[in-house]
Amino acid sequence: MGDQIPHSRRVRRGLAVILWLLVAFTIGTFLMVIPMLVSGADREAIILVPRNATVENVTDSITKYMGESYGSRVARLMKVHKVDWSQRHGAYKINEGDSPFKTMRHISVGAQEPVRLTINGFRSLPTLSERISARLDFTPDSLLTLLKDSTFLAQYNLLPDQALALFLNDTYEVYWSSSPKSVLTKIGANYKKFWNDRRVSRAAELGLTPAQVMIIASIVDEETNAPEEKGRVGRLYINRLEKGMKLQADPTVRFAIGDFTIKRVRAEHLRYPSPYNTYLHGGLPPGLIRTTSGRTVDAILSSEPSEDLYMCAKEDFSGRHNFSSDYSEHQANARRYQEELNKRGIQ
């Protein structure tokens, strides 16, 4: 029995083996985990996670921008943490330098990157719907359907023809995964906030509803780019309405025809059949001819009373107008402008 290894030595040897195994395991784990925590993305990217996504969907999206190595590391972390990607529909930003663990964590908690939608001078609902849907995860038709829903628009006191009024020129932040209704609800909240009691009351004093002021503002924005003129142009249209005169606004003719490149509105244009042609029809057109801004609306609401009934673009092509209350004076202004158009060969 003398050649047997003492019990204490066997214990020590076993402990040494266990220790070395623990060291090896620790080193292996360290070498595997450190890249997950330290290796950073070499660029910035937005990752889109579709509805009912799988690990493979997300991995493919990440790999497309960050490479296979980075994508596979994120995928391993996703599986370890048992993330339910089917519930993470959205757009997520990976910043340059973000580790795979940070990326996994960022997406797993649903920390979406907002999408900024800038509304500025859109002339039709179809065009506006296409631009918005191109940035978000729904179709133009799904948005248009809601914008034609009289029940939905009634909460804003708007008719379907007036739906463009909802989109005050502004920048809105929404999520890529937002539904058409949630996007419009956010935009509509801004509309309601803008049309506070003070503005509604001021519109009423002018004999107008908020929607009617918005229609006038949309024509004003097409008529002039000069901020100092907007209130005066708006007041001129209000004067014509009060006197039962047709607005006879050239921008409404261009809108009716669907051609905003027309430089010179001629007699044949004025006869174009459309409810938006204010040379043919009295009162306001059914809806806006473009999205408009709060600044233009405020300029109209705060405009000073005037006797203006006519205006004509100045012959110096400054973009400003000659105003008058007398028709003969207006004709003289118009002749000077027409002569300058002829001189410059503008058709």
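**Figure 1. Asp298, a partly exposed partner in a salt bridge.** Asp298 has a relative accessibility of 25% and counts as partly exposed in this predicted model. Its salt-bridge partner is Arg199, and the closest N and O atoms of the two residues are 2.8 Å apart. Asp298 belongs to helix 14 (residues 294–301) and Arg199 to helix 9 (residues 197–205), so the salt bridge ties together parts that are 99 residues apart in sequence. Arg199 is buried, its relative accessible area being 12%. The view thus pairs a buried arginine with a partly exposed aspartate.

**Figure 2. The salt bridge between Asp221 and Lys230.** The side chains of Asp221 and Lys230 meet with an N to O distance of 2.9 Å. Asp221 is buried, with 7% relative accessible area. Lys230 also counts as buried, at 12% relative accessibility. Both values fall under the 20% cut-off for burial, so each side of this salt bridge is assigned to the buried class.

**Figure 3. The salt bridge between Asp308 and Arg232.** In this pair the side chains meet at 2.6 Å, N to O. Asp308 is located in the loop between helix 14 and strand 5 (310–313), whereas Arg232 is part of helix 11 (residues 227–242); the salt bridge links distant parts of the chain, 76 residues apart. Asp308 is buried, with a relative accessible area of 7%. Arg232, at 41% relative accessibility, counts as partly exposed.

**Figure 4. A network of salt bridges.** Arg123, Glu222 and Arg290 are joined into one network by salt bridges that share partners. Salt bridges in the structure number 14.

**Figure 5. The chain as context for the close-up views.** The chain contains 15 helices and six strands. Among the helices are helix 9, which holds Arg199, and helix 14, which holds Asp298; helix 11 contributes Arg232. Of the 347 residues in the chain, 42% are buried, including Arg199, Asp221, Lys230 and Asp308. When contacts between residues at least 6 apart in sequence are considered, 63% join residues at least 24 apart. The chain exposes about 19,000 Å², and 52% of this area is supplied by carbon and sulfur atoms.

How values were computed:
Residues are numbered from 1 along each chain as its sequence is written. This is a predicted model: local features need pLDDT of at least 70, side-chain atom pairs count only at pLDDT 80 or more; totals for chains, interfaces and linings use all residues. Side-chain values use heavy atoms; hydrogens and water are left out. Helices (H or I, at least four residues) and strands (E, at least two) are DSSP runs, numbered from the N terminus. Buried means under 20% relative accessible area, exposed over 50%, partly exposed in between (1.4 Å probe, protein chains only). Contact means heavy atoms within 4.5 Å. Accessible areas come from the Shrake-Rupley method with a 1.4 Å probe; for residues, only the protein chains shown count as cover. A salt bridge is a side-chain nitrogen of Lys or Arg within 4 Å of a carboxyl oxygen of Asp or Glu.
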